[in-house]
Amino acid sequence: MTPSVRRPIVPMTLAVLALGGPTDGHGQWTNRYPKVAGFTHHVYLEGYELPLVTIGPIDPAPSPDGRRIAIASRGWLWLLELESGQATRLTAGAGMDSRPAWSPDGAELAFVRDDGRETSIVVRNLARGTERVVASDPGIELDPTFAPDGRSVFYSSAAAGDLDVWRVDLNSGAKTRITEHAGLELKPQVHPDGKRLIYLGKRAAGQNEIRIRHLETGEERVLLAAPIASMARPSLSPDGRLLAVNWPAGDASGWELRLLGVEQPGPTVLLTEGARLPLTPAWSADGSSLFFAEATSRETMGLWRAPARGGPATPVAIGGWNYQAPTARVTIQTLLAGKPAAARLSVTDGNGHPLLPAEGQPRFDGQTGTVFFYSGGITELEVPAGTVSVRAVQGLATSVATAAVEARPGSPNVVTATLEPVWDARAKGWMAGEHHFHLNYGGPYRLDPDDLFPMAAGEAMDVLTPLLANLHTRFEDQPLWRWQSLAAPPFLAFGQEVRAHFFGHVAVIGSAELHWPWIWGPGYEVFGRDDRPNRDALAFGRAQGGVNMYVHPVSRANPFADGNLGTIPNGFVADAVQGLIDVIELACLWSDESGTADLWYRALNFGMPIAPSAGTDVMNNFYRTMAVGTTRVYVKSDPALGYRGYLDALKAGRSFVTTGPLLDFVVGSAGPGDVVPRSPRRVAWRLEVASANAVDRVEIVVNGAVVESRPGVAAGGRASLTGTIALPVGGWIAARAVGGATTQWPAMDSYGYGHTAPIWIGERGSTEPSARRAAATDLIRTLEFAERNVRAQYSGFPMPRIEAHYRRAREILDAALSGR
């Protein structure tokens, strides 16, 4: 047994609390691709603006002669002959290629090449098959288009910090910056007169505009505007008179393909009905029709053609895919205990290029740069002959299983990956839950709830609660509110994320009805200064029998340090001390676990029995998204008790959260959520820890202070740790695991982190006096900071209900400090 490092129980001072969280320098996920200036949430930039790898055609670019269409599929470029319906592969390297654009003479294609870290603009000569990189500044380059004379290429680049439109001279290589607005300038298209430029502008505040710019004078005007037009890709007609654009329909029903006049923009005209989410529209060379891509119910892309005068769209059939190389069929099986088992797979060729099955939604892990998909246990791929490498995991408990095969045409190419879990959660009575993600959120697919079941199997999940949430003023997935599957695990039921940005986002799961309004407070055009605290949504959720949760509450470490109080939601303290919060999202991809723990510790030390939970907050219909369940909570609950029994156990704190490390903690005979007697004062503890990835250390925490620390475990390792601990007069005990090597599969969060719910001393919500006073001091300081923010933002607007809510919270905290 590893020797323990014992530390005495000390009074809980502010200084001790400040040192209570991990200090490894980790934080929330921020970006994989080079940071674009002015965007705090790079997940949206990478999710909405960067190219996609799809199964099936996207980014259609009709040739000038009208006979062919350049398309992207499976990360390569292809040429589709319209007459024969045959698609021939053009590119075959490691990079992921997309967004082709023709030169005016039809001799060359400009396109985007993505290496998983950066993008560049490449021009390919079709006759010779040669390529040259024409723009590859450090950062992001997107959306090439040739000038009408073919001598230069316009494109979007972050070379100057944010994404602007640039022009590169193809002879000299000289680059000229065209636009200099704050935000993003995308999809430039030069008008046939050569004097004007049309582009899509996206501002950090969420306003999206299609703009036309005079290249000589710089004068601009807006043609069309809307908030968060995430997938919009305008296309200019060959004669320059019309714009086609896929545009939000204005409600939860989807998107529309619409036409807009360039000279007299005015209202738009609906082009075709029936398209739920048309993508990447492009005009035919003669201007008679428009091509666009759209995902099928099986998450493959199809190509469609709509007449420019309007009317029904018809599918463009692709009769065959010519790889210009021998192909082979490969069968991949993933085994667990000798039987086929669902898995998350990454499959690559000898160049490292991703290989994909016949159907399904590919995804790109922004943490490790891995393209992945799900298998039910056996899946078959058609691939270029050669080396095929497989990496497989199931959930967080299996180390990466690797296998490879040299695929040969006509041979039974079978590759087997054997999954070996380091821990069996279900055998130990734990159920895995994920309580914060969004099924559809402005991405290129329109997912159905049934699409979640393969993911649940591949991630070994037992409970999923996707949250309905607004995309600015659009309430996506609202028609799915009453959809549920609760007969047997995996249990699936929708919850709601209520977003008052100013006060903090709260989620309610397990409620029967939706709370209205979904959104309010400073930052919103409607209900912007409503006299409405988060208390309304939380009280509503409580009355509905739901579980109330603050989600992604703290974005950085040390939130109580000087200058950091603004990282704590303005509503949290007032809601917490009045007992309105059941659960805090301790682990989330977009927040910081250690910073959130510092806030949670103050709440616990004040006697608020708030349980921990976890969620990824991924947007599941993005291509660039981490996997559901890679940040999760394990709850000790019997599946026979059903979904409601699981929620009761979650609320009671019989749980631990994790981004990788797996913990089973007992003090005396009490587990998380239970109570250990105050006597005897010294009690034994036991901690089982296992992890597919390395863990730096494990720690025993009492009232926010680390009282014992042990070395962690190696990747794929397990340890059984024991010791004894002296109990203070009140409060709580928990175990946590921290750190590890750079994130690698199966994990996708920024660092390894696991934390149990508290085991209470004497009774739930008990406190140690000095710890409670120290917590109250910090909570009052935070409440005062929030009150100042409220007064500043609501200046001139009556807010008696908000003021009363904060006043009651202050009375509770003042009473604690005065000993009442």
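Trainee: How do I read a pocket here, and what volume does the second largest pocket have?

Mentor: Rolling a probe the size of a water molecule over the atoms shows where empty space is left. A pocket is an open set of points on a 1 Å grid over the protein atoms alone, where a 1.4 Å probe fits, with protein on both sides within 12 Å along at least five of seven lines. Its volume is the space filled by probe spheres set on the points, which are joined across faces, edges and corners. In this structure, the second largest pocket comes out at about 910 Å³.

Trainee: Which residues are the closest to the centre of that pocket?

Mentor: Look for Ala 101, Trp 102, Thr 145, Gln 189 and Leu 236, out of 34 residues in the lining. A lining residue has an atom within 4 Å of a point. Strands 1 (58-62), 5 (96-102), 9 (141-146), 13 (184-190), 17 (235-236) and 21 (279-283) each give two or more residues to this lining. Strands are DSSP runs of E with at least two residues, helices are runs of H or I with at least four, and both are numbered from the N terminus. By type, the lining has 21 nonpolar, eight polar and five charged residues. Here Asp, Glu, Lys and Arg are charged, while Ala, Val, Leu, Ile, Met, Phe, Trp, Tyr, Cys and Pro are nonpolar, and the others, Gly among them, are polar.

Trainee: Before we go on, what kind of model is this?

Mentor: This is a predicted model, where local features need pLDDT of at least 70 and side-chain atom pairs count only at pLDDT 80 or more, though totals for chains, interfaces and linings use all residues. Residues are numbered from 1 along each chain as its sequence is written, and side-chain values use heavy atoms, with hydrogens and water left out.

Trainee: Back to the strands, then. What is the phi of Asp 59, and where does Asp 59 sit?

Mentor: Asp 59 is in strand 1, and its phi is near 60°, which is positive although the residue isn't glycine. With 9% relative accessibility, Asp 59 is buried; that word stands for under 20% relative accessible area, exposed for over 50%, and partly exposed for anything in between, using a 1.4 Å probe and protein chains only. Now try Arg 99 in strand 5. Its phi is positive too, near 50°, and Arg 99 is buried at 10%.

Trainee: How many salt bridges does the structure hold?

Mentor: There are 40. To count, a side-chain nitrogen of Lys or Arg has to be within 4 Å of a carboxyl oxygen of Asp or Glu. Take Arg 542 and Asp 582, whose side chains meet with N and O 3.0 Å apart. Arg 542 belongs to helix 4 (residues 535-543) and Asp 582 to the loop between helix 5 (572-577) and strand 44 (583-587), so this salt bridge ties together parts 40 residues apart in sequence. Arg 542 is partly exposed at 32%, whereas Asp 582 is buried at 6%.

Trainee: How many residues apart are Arg 781 and Asp 778?

Mentor: Just three, within helix 8 (residues 769-793), so about one helical turn separates them. Their salt bridge has an N to O distance of 3.3 Å. Arg 781 is partly exposed at 28%, but Asp 778 is buried at 0%. Salt bridges can also share partners: Asp 97, Arg 113, Arg 124 and Glu 131 are joined that way into one network.

Trainee: How do I check a helix? What should helix 6 span?

Mentor: The expected span is 1.5 Å times one less than the number of residues. Helix 6 (residues 593-605) has 13 residues, so it should span 18 Å, and its end C-alpha atoms are indeed 18 Å apart. All of it is buried, 13 of the 13 residues, so the rest of the structure largely encloses helix 6. After the helix comes Gly 607, with a positive phi near 100°.

Trainee: Last one: which peptide bonds are cis?

Mentor: One cis bond runs from Trp 516 to Pro 517, with omega near -5°. Pro 517 is in the loop between strand 42 (504-509) and helix 4. Another cis bond joins Trp 745 and Pro 746, where omega is about 10°. You'll find Pro 746 in the loop between strand 54 (731-738) and strand 55 (753-756).
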